[in-house]
Amino acid sequence: MAEDSPKRRKANFNEAETEVLIEQVLKHEQLLFAAGPGRASAGQKRKVWELIRHKVNPVAACPRDVEDLKKRWRDLKRRDRSKLCRLSQGCGPPAPPALGLRLAPEELPPAAAPPA
């Protein structure tokens with residue numbers, strides 16, 4: 001019987017991969033995440049994620065697939081939301097959102113809202 005090697009995990013995303021991912025997702029944000037009657041079809045979204053994959057892989061430590069990129073994006077969003085939650089509860093010093101993700105004014109905590 002052939003010896004099965006244990007499944008190895010992929011390398012962590014490096015800073016360059018993360019920057020390219022954020023840049024590309026924000027560039028195509030409307031197409032990927034829009035709601036309502038004008039939203040993109042699943043096929044269109046899949047093509048955009050493939051385009052993003054082709055932009056990320058040249059700077060990647062190891063080849064990434066679309067599911068890896070989607071998971072990383074969800075993790076980045078979750079991390080930013082948890083930081084904002086801690087800010088709004090006063091649990092620590094104020095800090096800007098991680099990795100430059102854009103937030104709508106209503107998503108900012110009251111103390112961090114831009115002046116009118």
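**Packing of the helices around W49**

Setting aside neighbours within four places in sequence, W49 is in contact with L21, V25, L32, F33, V66, L69, K70 and W73. The model in which these contacts occur is a predicted one. W49 also belongs to the largest nonpolar core, a set of 15 residues in which L21, V25, W49, I52, L69 and W73 touch the most other members. At least two residues of this core are supplied by each of helix 1 (15-27), helix 3 and helix 4. Helix 1 provides the largest share, five residues. In soluble globular proteins, nonpolar side chains tend to be buried together.

The protein as a whole contains four helices and zero strands, and its elements follow the order α-α-α-α from the N terminus. Of its 116 residues, 28% count as buried. Among contacts between residues at least 6 apart in sequence, 58% join residues at least 24 apart.

Helix 3 (residues 42-56) and helix 4 (residues 66-88) have axes that come within 9 Å and cross at roughly 90°. Because angles of 65 to 115 degrees count as roughly perpendicular, helix 3 is roughly perpendicular to helix 4. On the helix 3 side, the contact involves W49, E50, I52, R53 and V56, which meet V66, L69, K70 and W73 in helix 4. The residues of this contact divide into six nonpolar, no polar and three charged.

The axes of helix 1 and helix 4 come within 11 Å, with a crossing angle of roughly 85°. Helix 1 and helix 4 are therefore also roughly perpendicular to each other. Here T18, L21, I22, V25 and L26 in helix 1 meet L69, R72, W73 and L76 in helix 4. Seven nonpolar residues, one polar and one charged make up the contact of helix 1 with helix 4. L69 and W73 of helix 4 thus take part in the contact with helix 1 and in the contact with helix 3.

Two residues that are not part of the nonpolar class were examined on the side of helix 1 and the loop after it. Q24 is located in helix 1. Its relative accessibility is 4%, so Q24 counts as buried, the limit being under 20%. The side chains of Q24 and E23 are joined by a polar contact of 3.5 Å. Apart from neighbours within four places in sequence, Q24 is in contact with I52 and K55. H28 is found in the loop between helix 1 and helix 2 (29-33). With a relative accessibility of 17%, H28 likewise counts as buried. Not counting residues up to four places away in sequence, H28 touches V48, L51 and I52. I52 is therefore a partner of Q24 and of H28, and I52 is also among the core residues that touch the most other members.

A second histidine, H54, lies in helix 3. In contrast to the buried H28, H54 is exposed, with a relative accessible area of 53%. H54 and V66 are 12 residues apart along the chain, and their C-alpha atoms are separated by 9.6 Å. V66 is one of the helix 4 residues that meet helix 3, and V66 is also in contact with W49.

Technical notes: Residues are numbered from 1 along each chain as its sequence is written. This is a predicted model: local features need pLDDT of at least 70, side-chain atom pairs count only at pLDDT 80 or more; totals for chains, interfaces and linings use all residues. Side-chain values use heavy atoms; hydrogens and water are left out. Axes are lines fitted to C-alpha atoms, for helices over the stretch in contact, and angles run from 0 to 180 degrees between N-to-C directions. Angles under 35 degrees count as roughly parallel, over 145 as roughly antiparallel, 65 to 115 as roughly perpendicular and the rest as oblique. Contact means heavy atoms within 4.5 Å. Ala, Val, Leu, Ile, Met, Phe, Trp, Tyr, Cys and Pro count as nonpolar, Asp, Glu, Lys and Arg as charged, and the others, Gly among them, as polar. A nonpolar core is a set of buried Ala, Val, Leu, Ile, Met, Phe, Trp, Tyr and Cys residues joined through side-chain atoms within 4.5 Å. Buried means under 20% relative accessible area, exposed over 50%, partly exposed in between (1.4 Å probe, protein chains only). A polar contact is a pair of N or O atoms within 3.5 Å; within protein, one must be able to donate a hydrogen and the other to accept it, and residues adjacent in sequence count only if both atoms are side-chain atoms.
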